[in-house]
Amino acid sequence: PPLSTENMLMDAFSEPSEPAMVVDEKDLPSVPDEIPDSPAGVQDITFDPAMAESARTLEEKLEQLSQERDAVVENKGIDDVPQSESQIAPSVGEAEAKAEASTSESQIAPPVGEAAVLQSESKIELSVGEAAVKVEAMALKKVGLDVIHLEQEIKEESLPDYLIPALMDAMKGKAPSPSLESFVNALPALAWALSKRASSVRGSETPPTCVSLSTSPVGLVNAILIALLEPESEVLVPNPGSPQLKAVAHLAGAKTVEYDASKVCASSLNQLISDKTRAVLVESPNRLTGVALDESTLAEIAEFLKERKVWLVSDESGSTSCSEHPSALRVTTANDNAIIVDDLSYPLGISGWGCAHAILPEKMARRVESVQAALFGSIPPMPQYTLLAALKADAQQGLIENKKKYLQDSRKMAQDILGQLPGVMLSEPQSGLHIAMDVSGLLLPADEVAQVLLEEVQVACLPGADFGSKGSNILRISLATEQGELRAALEKVGSCICQIAEDMSV
């Protein structure tokens, strides 16, 4: 049975009936005898007072949203959720929301981000955003309908048995703590293992002091942007791209400039870069479409940005690993102004025990860690030991390679089932966790198509409007799902799309 946190805590402080397996240090990646100390003189990070006030306002709003969300999550019931007008903030507009609220007394209206879920006796209106889709799926479950979730990027998995001994030792205090003197927030053995991995992909040495850790790739990208950006500076971001990028740049007092992610190259970036440009962020694979840049394009962009003295931030965490597809690691060195973000949690089977990492120049690594410590705190030892044990298992069992083949099979399955549907075009990613479905040929907005799929066949897909204007006609489908469940969901999607096409005379 899956190992619960409660049982782990109970077992950690009780005497084991059998001697626990212990990960011997000699089996871990080797650590150099002398590890360079962290560089001194890391500059303090200062924030504008207006930005601090904005952060406090944001914190108050998040607290309010959290309380309203808990009212639904804790099964207080539809009728028990407060129905004040101030709680209604649907993407369809405030005026329509008030009109809807005045005609229906049984609505759920908990805001989630910029979206909100509205429920009446006749329908559930789909609002944009992964969190909103999940809440609507919960509303369907309340009336006895189970939803297959293809909107979420990854699903948490049961902890593999081979990781339990290492975690037990960490919980009982037998395992050493991270060395604050050496790597600020990273276990030396883990930093060394990740640096060796990066060096093998890069083809040149990447010291362990060039590794920075975080509990999630999104939080790591946020910390990187805050560390890089200055008031009045600019950062180029992809469209479509991750929804939080504009908000993070705003908190840093900076401005985002969008580029077309499907046509990005050095010449297109050259038309957008100014003297204020501090960084260019690329997502490879893209967070919405799953499409990765080819190596020649990455090399061209990296060389161009190096000449312009602009930082390259390559978010490659949406794949099974940076070794699966063309990576910026292959076209940069440890001394370049380049930052590569990766996340091995899913391919190693430790989703939910997040331990994302970045490969970046040493001084910037320390600055990013300072930002993370201020905003999120340092990463705990347990996720680090989990990743370290998983890396060892990967060397013995080929976990990442197995997951790569698994996703290739899932990708082919999606192409076979959805590839010939009327009114639909599929992206053709060679890597990554997603596949994108362009539904513009159905003559309906993507969020309406998603609403029909959710209501008629109980399959949740993610509308792409939150990812930018280029994502407004796109539905994202996660491939990180058990293949039997994925096939059943895709077949339901296929039949429903055919019905929509017939109704619309496509």
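Here a trainee and a mentor talk through helix packing, cavities and backbone details in a predicted model.

Trainee: Let's start with α8 and α12. Are they roughly parallel or roughly perpendicular to each other?

Mentor: Happy to begin there. The axes of α8 (residues 217-228) and α12 (residues 362-375) come within 9 Å and cross at roughly 115 degrees. Angles of 65 to 115 degrees count as roughly perpendicular. That makes the relation of α8 to α12 roughly perpendicular.

Trainee: And is the crossing of α8 and α12 left-handed or right-handed?

Mentor: The residues that meet include Leu-220, Ala-223 and Ile-224 in α8, and Met-364, Val-368 and Val-371 in α12. The crossing of these helices, α8 and α12, is right-handed.

Trainee: How many residues of the contact of α8 with α12 are nonpolar?

Mentor: Look at who takes part: Ile-226, Ala-227 and Leu-228 are among the α8 residues, while Arg-367, Gln-372 and Leu-375 are among those of α12. By class, the contact has 1 charged residue, 1 polar and, for the nonpolar class, 10.

Trainee: Now α15 and α16. Which word describes how they lie to each other?

Mentor: Here α15 spans residues 446-456 and α16 spans residues 483-503, and their axes come within 10 Å with a crossing of roughly 120 degrees. The crossing is right-handed. With that angle, α15 and α16 are therefore oblique.

Trainee: Which residues of α16 make the contact with α15?

Mentor: Let's take the other side of the contact before naming them. From α15 come Val-449, Val-452, Leu-453 and Glu-456. The residues of this contact divide into 7 nonpolar, no polar and 1 charged. On the α16 side, the residues are Val-493, Cys-496, Ile-497 and Ile-500.

Trainee: What about α7 and α13: is their crossing left-handed or right-handed?

Mentor: The axes of α7 (residues 188-202) and α13 (residues 381-397) come within 10 Å and cross at roughly 45 degrees. The two helices are therefore oblique to each other. As for the hand, the crossing of α7 and α13 is left-handed.

Trainee: How many charged residues does the contact of α7 with α13 have?

Mentor: Arg-197 is one of the α7 residues in this contact, and Asp-394 is one of those from α13. Others that meet include Ala-189, Leu-190 and Ala-193 in α7, with Leu-387, Leu-388 and Leu-391 in α13. The classes are 7 nonpolar, 1 polar and, for charged residues, 2.

Trainee: Turning to empty space, which charged residue lines the second largest cavity?

Mentor: The count comes to 2 cavities of 30 Å³ or more, and the second largest holds about 30 Å³ of space. Its lining divides into 5 nonpolar, 1 polar and 1 charged. Thr-333, Ala-334, Ala-338, Ile-359, Leu-360 and Pro-361 are among the lining residues. Asp, Glu, Lys and Arg count as charged, so the residue you want is Arg-202.

Trainee: Which residue comes before Pro-240 at its cis peptide bond?

Mentor: Pro-240 lies in the loop between β7 (234-239) and α9 (245-251). Omega is near 5 degrees for this cis bond, and the residue before Pro-240 is Asn-239.

Trainee: What is omega for the cis bond from Ser-284 to Pro-285?

Mentor: You'll find Pro-285 in the loop between β9 (277-283) and α11 (295-308). For the cis peptide bond from Ser-284, omega is near 10 degrees.

Trainee: Last one: where is Glu-232?

Mentor: Glu-232 is a residue other than glycine with a positive phi, near 75 degrees. Its place is in the loop between α8 and β7.

Definitions and conventions. Residues numbered from 1 in each chain as written. Predicted model: local features only at pLDDT ≥ 70, side-chain atom pairs only at ≥ 80, totals over all residues. Heavy atoms only, no water. Axes fitted to C-alpha atoms, helices over the stretch in contact; angles between N-to-C directions. Helix = DSSP H or I, 4+ residues; strand = E, 2+ residues; numbered from the N terminus. Parallel < 35°, antiparallel > 145°, perpendicular 65-115°, else oblique. Left-handed = near helix turned anticlockwise from the far one by under 90°. Contact = heavy atoms within 4.5 Å. 1 Å grid on protein atoms, 1.4 Å probe; cavity = no way out; pocket = protein on both sides within 12 Å on 5 of 7 lines; lining within 4 Å. Points joined across faces, edges and corners; volume = space filled by probe spheres on them.
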